[in-house]
Amino acid sequence: MIKNKDYYCVILAGGIGSRFWPISTSKLPKQFHDILGTGKTLVQQTFDRLNKIILKENIFIITNEEYVDLTLSQLPHISREQVIGETVMMNTAACNAYMAEKIFHLNPNATIIVAPSDHLILEEKSFMKDILFGMDRASKKDILVTLGIHPTRPDTGYGYIEFEKKNVDKFHKVKSFKEKPDLETAYKFVESKRFLWNSGIFVWSAQSILNSFQKYLPDMYYTFESVEGYNTNREKNEVDKIYPNLQKISIDYGILEKSDNVWVIPSSFGWSDLGTWGALYENFDKNEDGNVLHGNHVYTYNTANTIIKTNRDNKIFIVDGLKDYIIVDTDNALLVCPKNKDQKIKEYLDNIKKMENGGNFI
């Protein structure tokens, strides 16, 4: 496949992944783990997948400053200039504005895919087909494109995209974005067949997204536009000075929900955002009792639909009488939690940090 020199990629790899605690911690977040047992970490899988359609030198990873060296150790075949460290976590609008300006100064004709580093994608050929379709459209028109996932169940853990019914070559105008719904609303969304899961995967030209920032988040746009040292040894110092004063806002809320030129590609390529242990459970092979067992000495009795994960070979696990649970054991922590409460793990950790005076193991 001949790769288009005007196509670029930004991989978002700065999150902590606290809902995957205790495997994911602030020192080693989930994107740097081989959570799926493939022999590659999530960020390595994401890079390899996108490198099939994007030139290696056109792929950038933006992460927390603390994880720059870790990223380079896992992706040793890229340059230091391709890994950008945020000094402050500012949500997704800031990093998208920053990377759009940086790439625009490299190539004003650039079209960019923005992709999280921690997603599961089972059908890569379908994924690449949809991405290339979106990049072709975005390179020719002043539009913002997102990939929406055909929902397979009424899930309350995802945001939803409502699209207009008029179909233009598998391309739909977005009508509205919906926050994570309650279960009753999620059922209605799925039944209507007019809603897709919001994958958080976006495609746009550098010029189009900068135009949108100028229109909807002008303060942020002009702040980044004022930087004179993009792609020089002055860039980091200049950006570090302005970053702490930026507005903390998501790209969804700051731009996409306000814009009238957002289009969606309905997609089905075996996607999961792997945001929780419950989501991971859904994507693992299960035994006859519906259990997912990761560990060498795990024994279950009267236990069903439960995920048990341990990386410790010198310990026997016996579990009796649990149904629909998450059990994760590491050197520093043990988690035992109902699967339907996996969204609360972040809340548990926030409370623990207060009680443990910061909680270094979190």
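A residue is taken as exposed when its relative accessible area is over 50%, and as buried when that value is under 20%. In this predicted model, Ile316 has a relative accessible area of 59%, so Ile316 lands on the exposed side of that cut-off. As for where it sits, Ile316 belongs to the loop that links β14 (307–310) with β15 (317–320). Ile316 also has company at the surface: together with Tyr299, Tyr301 and Ile318, it makes up a nonpolar patch of about 470 Å².

Gln45 tells the opposite story. Its relative accessibility is 18%, and because the limit for burial is under 20%, Gln45 counts as buried. This glutamine is part of helix α1, which covers residues 42–51. Once neighbours within four places in sequence are set aside, Gln45 still touches Leu36, Thr38 and Lys40. With Lys40 there is a polar side to things as well, since the Gln45 side chain comes to 3.4 Å from the backbone oxygen of Lys40.

Turning to the strands, β8 (residues 172–178) pairs with β7 (residues 160–163). Four bridges hold this antiparallel pairing, and one match-up puts Tyr160 across from Lys178 of β8. Strand β8 also pairs with β10 (residues 262–267), again in the antiparallel sense, through two bridges. Here, Lys173 faces Trp263 of β10. Strand β8 thus has both β7 and β10 as antiparallel partners.

Key: Residues are numbered from 1 along each chain as its sequence is written. This is a predicted model: local features need pLDDT of at least 70, side-chain atom pairs count only at pLDDT 80 or more; totals for chains, interfaces and linings use all residues. Side-chain values use heavy atoms; hydrogens and water are left out. Buried means under 20% relative accessible area, exposed over 50%, partly exposed in between (1.4 Å probe, protein chains only). A polar contact is a pair of N or O atoms within 3.5 Å; within protein, one must be able to donate a hydrogen and the other to accept it, and residues adjacent in sequence count only if both atoms are side-chain atoms. Contact means heavy atoms within 4.5 Å. Two strands pair if DSSP finds at least two bridges between them. Patches are made of residues with over 30% relative accessible area and no salt bridge: like charges are joined within 9 Å, nonpolar side chains (Val, Leu, Ile, Met, Phe, Trp, Tyr) within 5 Å. Accessible areas come from the Shrake-Rupley method with a 1.4 Å probe; for residues, only the protein chains shown count as cover. A salt bridge is a side-chain nitrogen of Lys or Arg within 4 Å of a carboxyl oxygen of Asp or Glu.
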